Amino acid sequence: MTKTKDKGRNWKSYLKFVMWFILLSTLGVGGGIFFLLFAVVPIEETYVQRGWSQYRIDGIMKYYVFGWVIFGFIMSFLYYYFILKKDRWITSTLLMLSSIALCISGLAYFLNTGSSVVQASQGEIEVGERFTFGPYPEKENLELLKEQGYDGVITLLSPTLPIEKPLLDKEIKAGEEADIEIISMPMLPWVGDNTETLNQIKELISQDDKRYYVHCYLGRHRVDVVKQLVNEESGGEYDLLVLQPTSFERGDLVYDEENEVLIGPYPTDEEWFTRIRRGEVKEVVSLLKSEQSDWLQKEQQTASEMDMAFRHFPIGETYTRAQLQEAVDYVKSLDHKAFVHSLLHDNKIKEFEALYSWGNAIFPLKDAANVGVTANLVGARLMVGLQPTNEQQAQLSALGIERFVELQATDITTLYKEALLIAKEEKVTYIITKDAATMKTMTTMLFGVMYGFELPKKQYNGLQLTNGVLDVHERNLTLGPILTEEDFTSFVLPQGVKQIIFLNSPSTTSEKELKRLVALAKKYNVTMKTINLAANYEQELVPLLNAESGLNYVMIDPQLMQVVRDYIKQF
């Protein structure tokens, strides 16, 4: 009798443990998915709008995730001690079943690639002669591809990623049912060794004449890398629009489109894939110190995995202008797109950028602060400050200042004209201002004309103009409403907007209004380009944005703002 009771107790204890474990795991997965989608993502978006770096955001978001894990364990132990342990079987069973239902619905929601939430983030389908690129195909899409004569589907989903393996398994099964071959060529979405997959695709391009549909999850980042490969191997059949960034996690980035050179800090794992490889960079030129061996080893491996050449010019704590010039001369000799970087957007990167773009620089930049003159630096190209003494002028000339320009005017319109002229002449210059207020205005203006916003973008995002607010996307890119003359004098000129791109829709903007805007831009010497907001307007917009490293203002009627915002956000 005692043995029977003991067996009963053991069985009950085992059952309680199983029920507790089921609730813990299903609550963690199901609740975690909904917590991610409806709590973590909106919170993260709030931090992004504040202008926080992704590094800072990631550092904070891990505590939300950790908090959810702790919450899950607390709830499961409350479930065990106050319900299971007291043999409340009906309540405990209902809670366990509810947790299972939550988990199933969460997974179904997350894995449903046909949902409106997922589809809103998917890339467009691009049809080519042999390869068509797009997002994850559902079963009905596979059946349609078979009807259209496609020989197979190349899936870039990786089975090593837990969230993608179920989708891959589902696709393989759907492919069997649709009688179309599913070819798995897994690529990791960020940094990872994708060499084998890229080599397989190269072989497919050169040896096979069949027709394929190529996809990843959303039909964007990994698909773009394969597009590049197809373009390289077959002569450029596909359009690949890439909006070059002007900021990385570790600092600002400068892009010289004419010479196809990116200059900035060391990328994060995500940036290596989405900004460097996707941006069709062919060679990485590192200015890291030799003792930064871990960083060097990692980037050499990354460059190899992404099929990019690698060159290292070790620039230590103390370095000469000749050492930096050697790296500049090497990059100038290249006939392909290159990415030059240090660890941060530090002095040597600023000096490199000035030497590369203008052929001269304030060097060494760190000594400029020791001259004793009240002045602001604009990269390593310009100084804006009060009148220096003769001795200070001599010191500044020794640091690379080629000329001194004294500003007589203080009105905003004349200052803007002067800023455009100084930037155009490309000489390392010290600009003498009458007072500290003019010095500050001119510094901000020159930053805008050459690099974009002087301060972090969070300082400007949401700034109120006459007809709406600014929506800042990059250091050199903001969307905003139709401008008034007051906006020109209070925002466009003081911030040094270099180019206005008007996305014109005849249905919302009259011919009279367009003429008014053109006249205002001409009056204030601001470059303005007009693009009709029609099909394929992106083909005009992206090249115009990439061509101007200074501050771009994309002007659009507020009714149409969301369409353009959604397009730009994908970059």
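## Exercises on salt bridges and a nonpolar patch

Arg565 has a relative accessible area of 23%, which makes this residue partly exposed. Keep in mind as you work that the model is predicted.

**Exercise 1.** Find the acidic partner of Arg565 and work out which parts of the chain the pair ties together.

*Solution.* Start with the contact: Arg565 forms a salt bridge with Asp471, and their closest N and O atoms are 2.3 Å apart. Next, place both ends. Arg565 belongs to helix α19 (residues 561-569) and Asp471 to strand β18 (residues 471-474), so the bridge ties together parts that lie 94 residues apart in sequence. Finally, is Asp471 buried or exposed? Its relative accessibility is 13%, and buried means under 20%, so Asp471 counts as buried.

**Exercise 2.** Describe the salt bridge of Glu454, from the contact to the exposure of each partner.

*Solution.* The partner is Lys440, with the closest N and O atoms 3.0 Å apart. This pair links distant parts of the chain: Lys440 sits in helix α15, while Glu454 is in the loop between α15 (436-450) and β16 (464-465), 14 residues apart. For exposure, recall that the partly exposed class runs between 20% and 50%. Glu454, with a relative accessible area of 24%, is partly exposed, and Lys440, at 40%, counts as partly exposed too.

**Exercise 3.** Now take Glu513: which residue does Glu513 bridge to, and where do the two lie?

*Solution.* Glu513 forms a salt bridge with Arg516, the closest N and O atoms being 3.0 Å apart. Both residues are found in helix α17 (residues 511-523); their spacing of three residues is about one turn of the helix. As for exposure, Glu513 has a relative accessible area of 25% and is partly exposed. Arg516 is partly exposed as well, with a value of 30%. To set these pairs in context, the structure holds 19 salt bridges.

**Exercise 4.** Turn to the surface and explain why Val69 can be counted in a nonpolar patch.

*Solution.* First, check the exposure: Val69 has a relative accessible area of 39%, which makes this residue partly exposed. Then apply the cut-off: patch residues need over 30% relative accessible area and no salt bridge, and Val is among the nonpolar side chains, joined within 5 Å. Val69 therefore clears the area cut-off. Its patch includes Val65, Phe66, Ile70, Phe73 and Tyr81, and the patch members together have about 1,100 Å² of accessible area. Last, locate Val69: this residue lies in helix α2 (residues 54-84).

Methods
Residues numbered from 1 in each chain as written. Predicted model: local features only at pLDDT ≥ 70, side-chain atom pairs only at ≥ 80, totals over all residues. Heavy atoms only, no water. Salt bridge = Lys/Arg side-chain N within 4 Å of Asp/Glu carboxyl O. Helix = DSSP H or I, 4+ residues; strand = E, 2+ residues; numbered from the N terminus. Buried < 20%, exposed > 50% of the residue type's maximum accessible area, 1.4 Å probe, protein only. Patch = residues over 30% accessible without salt bridge, like charges linked within 9 Å, V, L, I, M, F, W, Y side chains within 5 Å. Areas by Shrake-Rupley, 256 points an atom, 1.4 Å probe, with all protein chains shown as cover.
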